[in-house]
Amino acid sequence: FHMVTSRGCPYTCTFCFDAKGFFRQRSVSNVIEEIRTLKKEYNIKEVAFWDDILTMNKKWTAEFCSAIEKEGIIWSCYTRLDLVDENMLRAMKKAGCWNIFFGIESGSQKILDIITKKMTVDQMRKAVNLVKKSGIEIRGSFVLGLPGETPELARETINFAIELDPDYAQFTLATPHPGTQLWDNAEEWGTLDRTSYGEYTELSPVFVPHGYKNKEELMEVHKEAFKRFYMRPSYIIKRALKMRSISELKRNLSGMKVISGITS
């Protein structure tokens with residue numbers, strides 16, 4: 001089951017429609033009560049927390065880990081790399097957390113500063129090592145075609161993704177949704193199709209930074225990201241060694257077919 005324990009995000013990344021500047025979170029007891037209801041009514045075994053930043057409050061997170069550990073379920077969540085530390089990760093792992101999704105966005109410090117990520121490449125590198133040390137799987141989100149980007153800077157992001165080597169990497173295209181800072185000043189950084197909302201999927205190049213020749217060049221870099229990350233022999237071997245069931249094998253083969261379609 002999916003659950004949400006909080007609303008808002010106090011950070012102000014320019015491309016993100018969830019960057020509201022505020023954050024509020026339900027009490028731990030309220031969240032645990034819902035989990036118990038789901039266990040009773042639906043016999044759930046796992047919860048995926050869809051909060052933008054589950055670990056915003058360290059005290060709340062510590063109390064939550066202590067409480068959810070007693071419920072005997074596994075769970076995953078989203079958060080920022082600068083909002084986890086070794087003690088927190090150890091507690092999360094002990095409490096049943098098996099996977100964390102991190103918005104890494106770019107491997108270029110220049111781009112991170114432009115989008116006001118308020119994090120450094122070195123911070124991310126160190127935090128990823130801590131997560132790996134804890135035994136929690138990592139999903140990393142990378143965005144291509146951000147303001148100020150060129151194909152060369154995009155390849156810095158691809159190289160960074162390969163260096164960090166998360167368990168899964170998501171490569172999307174910068175999409176200036178209405179209400180974001182990037183929507184308001186898109187023309188300063190590139191060209192934006194403000195009419196074809198059906199293409200605002202984060203996989204279509206509705207926004208093309210000035211550093212690219214055209215949409216086709218941006219799409220070629222996007223394909224390159226998937227190919228270089230997922231077609232590495234070392235990655236394929238790592239995934240194969242982690243498979244423990246036929247269903248997992250089928251899921252990974254299905255994923256490889258999708259990747260092949262994207263990169264062909």
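## Exercises on helix α2 and its sheet

In this predicted model, the face of helix α2 turned away from its buried side carries the exposed residues Lys 58 and Lys 59.

**Exercise 1.** Determine which residues of α2 are buried, and why they lie on the same side of the helix.

*Solution.* Begin with the extent of the helix, which covers residues 58-68, and apply the cut-off of under 20% relative accessible area for a buried residue. The residues that qualify are Trp 60, Thr 61, Phe 64, Cys 65, Ala 67 and Ile 68. Next, consider their directions around the axis: because they cover an arc of only 165°, they fall on the same side of α2. Finally, look for what this buried side meets, and you find that its residues pack against β3 (24-25), α1 (28-42), β4 (46-49), β5 (74-79) and α3 (86-94).

**Exercise 2.** Identify the residue that caps the N-terminal end of α2, and state the distance involved.

*Solution.* The capping residue is Asn 57, and the relevant atom is one of its side-chain oxygens. That oxygen lies 2.9 Å from the backbone nitrogen of Lys 59, a residue that also belongs to the exposed face described above.

**Exercise 3.** Follow Phe 64 from its own contacts to the nonpolar core of which it is a member.

*Solution.* Setting aside neighbours within four places in sequence, Phe 64 is in contact with Val 28, Val 31, Phe 49, Leu 54 and Trp 75. Turning to the largest nonpolar core, which has 56 residues, the members that touch the most others are Phe 49, Phe 64, Ile 68, Trp 75 and Met 92. The element that gives the most to this core is helix α9 (residues 215-230), with six residues. A second, separate core of 15 residues includes Leu 146, Leu 153, Trp 183 and Ala 186.

**Exercise 4.** Establish the strand order of the open sheet, and place α2 relative to its strands.

*Solution.* Six strands, paired in parallel, follow the order β1-β4-β5-β6-β7-β8. The edges are β1 and β8 (168-173), each of which pairs on one side only. At the β1 end, two bridges join β1 (residues 2-3) to β4, with His 2 standing opposite Ala 48. Ala 48 in turn stands opposite Ser 76 in β5, and three bridges connect β4 with β5. At the other edge, six bridges join β7 (residues 137-144) to β8, where Ala 169 is the bridge partner of Gly 140. As the last step, return to the helix: β4, α2 and β5 together make a right-handed β-α-β unit.

Methods
Residues are numbered from 1 along each chain as its sequence is written. This is a predicted model: local features need pLDDT of at least 70, side-chain atom pairs count only at pLDDT 80 or more; totals for chains, interfaces and linings use all residues. Side-chain values use heavy atoms; hydrogens and water are left out. Buried means under 20% relative accessible area, exposed over 50%, partly exposed in between (1.4 Å probe, protein chains only). Helices (H or I, at least four residues) and strands (E, at least two) are DSSP runs, numbered from the N terminus. The arc is that of the directions from the helix axis to the C-beta atoms. Contact means heavy atoms within 4.5 Å. A polar contact is a pair of N or O atoms within 3.5 Å; within protein, one must be able to donate a hydrogen and the other to accept it, and residues adjacent in sequence count only if both atoms are side-chain atoms. Two strands pair if DSSP finds at least two bridges between them. A crossover is right-handed if, with the strands pointing away from the viewer, the path from the first strand over the helix to the second runs clockwise. A nonpolar core is a set of buried Ala, Val, Leu, Ile, Met, Phe, Trp, Tyr and Cys residues joined through side-chain atoms within 4.5 Å.
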